Each structure stands twice: as structure tokens, then as C-alpha cells.
Amino acid sequence: MSDVFNCNRCKGTSCADKTPCVGMTNPPVVNTYWNKVVAVTCQACWGEWKEMEVKIINEYRLNMLEREHRQMLKKFMTDFLDLEGTGAGAVAPDAVAENWKPAGQ
Ligand SMILES: [Zn+2]
């Protein structure tokens with residue numbers, strides 16, 4: 001075990017000036033899914049995502065009561081934090097929005 005935290009998104013670079021890089025400490029929910037998010041996301045990147053999340057919700061007027069909207073937000077988060085470790089990194093909201101159409105439109 002390394003004592004350096006491995007963040008998928010920044011590989012620790014977000015924490016370069018505040019070592020050691022630490023994992024996020026305040027997941028919204030504690031379950032299997034969020035345990036995985038916590039395992040690959042540092043506190044700095046999580047903070048960046050929380051800011052981006054607000055912008056995305058406002059920009060696309062997402063309604064968290066709508067399942068499809070929640071899935072869209074989850075897709076943004078997956079890409080932004082590189083949760084799947086694809087190396088894709090942060091995706092600009094516009095790039096995702098181009099491919100997203102609300103149901104029935
Ligand atoms: Zn990070």
C-alpha cells in the first residue's frame with residue numbers, strides 16, 4: 001500500500017501544494033457506489049466537482065426529481081472525476097450536452 005492517495009482525475013496534482021493528497025471525506029451517501037467514488041476522488045477534485053455540479057444544474061435546469069436528469073448529472077460526474085479511470089478527465093459541459101436530448105423531444 002502506498003501512502004499517496006491515487007485520485008483518478010488529477011493523479012494527485014491538485015494536491016501538490018497541500019500534501020499529502022487526501023481522499024474526499026464527505027460523500028453525500030455511504031453505500032457501495034459512493035465508496036467507489038471516495039476511493040478514486042481526492043478532496044480537491046471533489047470540491048471542484050461540487051462547484052461544477054451547481055453550474056451544470058443551473059445551466060441545464062436539471063430537476064433532481066427527474067430520473068433522466070439525475071442520470072445526466074451522474075454522467076457528468078463520472079466524466080469529470082474520471083470515475084471509470086478511462087483517462088478522459090474533465091469533460092466540458094457543452095460536449096456532453098450535444099449528445100443529450102430530453103426524452104420525448
Ligand atoms: Zn484529485
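Trainee: How many other C-beta atoms lie within 10 Å of glycine 23?
Mentor: A residue is buried if 20 or more other C-beta atoms, placed from the backbone, lie within 10 Å of its own, exposed if 12 or fewer, and partly exposed in between. Glycine 23 is partly exposed, because its number of other C-beta atoms within 10 Å is 17.

Trainee: What is the mean pLDDT of the chain?
Mentor: Residues are numbered from 1 along each chain as its sequence is written. This is a predicted model: local features need pLDDT (the predictor's confidence in each residue, from 0 to 100) of at least 70, side-chain atom pairs count only at 80 or more, and totals for chains, interfaces and linings use all residues. In the chain, 72% of the residues reach 70 or more. The mean is 80.

Trainee: Which helix has the lowest confidence?
Mentor: Helices are DSSP runs of H or I with at least four residues, strands are runs of E with at least two, and both are numbered from the N terminus. The chain has four helices and zero strands. Confidence is highest in α3, at a mean of 94. At a mean of 53 over residues 93-97, the lowest is α4.

Trainee: Where should the coordinates not be read in detail?
Mentor: Confidence differs along a predicted model. The predicted coordinates should not be read in detail where pLDDT is low.

Trainee: Which residue is 4.0 Å from glycine 23, C-alpha to C-alpha?
Mentor: Glycine 23 sits in the segment before α1 (32-40). Contact means C-beta atoms, placed from the backbone, within 7 Å. Leaving out residues up to four places away in sequence, glycine 23 touches Phe5, Val38, Thr41, Cys42 and Gln43. The residue at 4.0 Å, 19 residues apart in sequence, is cysteine 42.

Trainee: Which element gives the most to the largest nonpolar core?
Mentor: Such a core is a set of buried Ala, Val, Leu, Ile, Met, Phe, Trp, Tyr and Cys residues joined through C-beta atoms within 7 Å. The largest has 12 residues, including Cys7, Met24, Cys42, Trp46 and Phe76. Two or more of its residues come from each of α2 (43-59) and α3 (67-80). The most, four residues, comes from α2.

Trainee: What helix is included in the cover of the buried residues of α2?
Mentor: α2 has 17 residues and reaches 24 Å from its first C-alpha to its last, close to the expected 24 Å (1.5 Å times one less than the number of residues). Its buried residues are Ala44, Cys45, Trp46 and Trp49. Their cover includes α3.

Trainee: What arc do the buried residues of α3 cover?
Mentor: In α3, Phe76, Asp79 and Phe80 are buried. On the other side, Arg67, Gln71 and Lys74 are exposed. The arc is that of the directions from the helix axis to the C-beta atoms. The buried three are on the same side of α3 because their arc is only 100°.

Trainee: Arginine 61: buried or exposed?
Mentor: Arginine 61 lies in the loop between α2 and α3. Its phi is near 50°, a positive value in a residue other than glycine. Most residues other than glycine have a negative phi. With 7 C-beta neighbours inside 10 Å, arginine 61 counts as exposed.

Trainee: And aspartate 82: buried or exposed?
Mentor: Aspartate 82 is in the loop between α3 and α4. Its phi is positive, near 50°. Because aspartate 82 has 21 C-beta neighbours inside 10 Å, it counts as buried.

Technical notes: Two residues are in contact if their C-beta atoms, placed from the backbone, lie within 7 Å.
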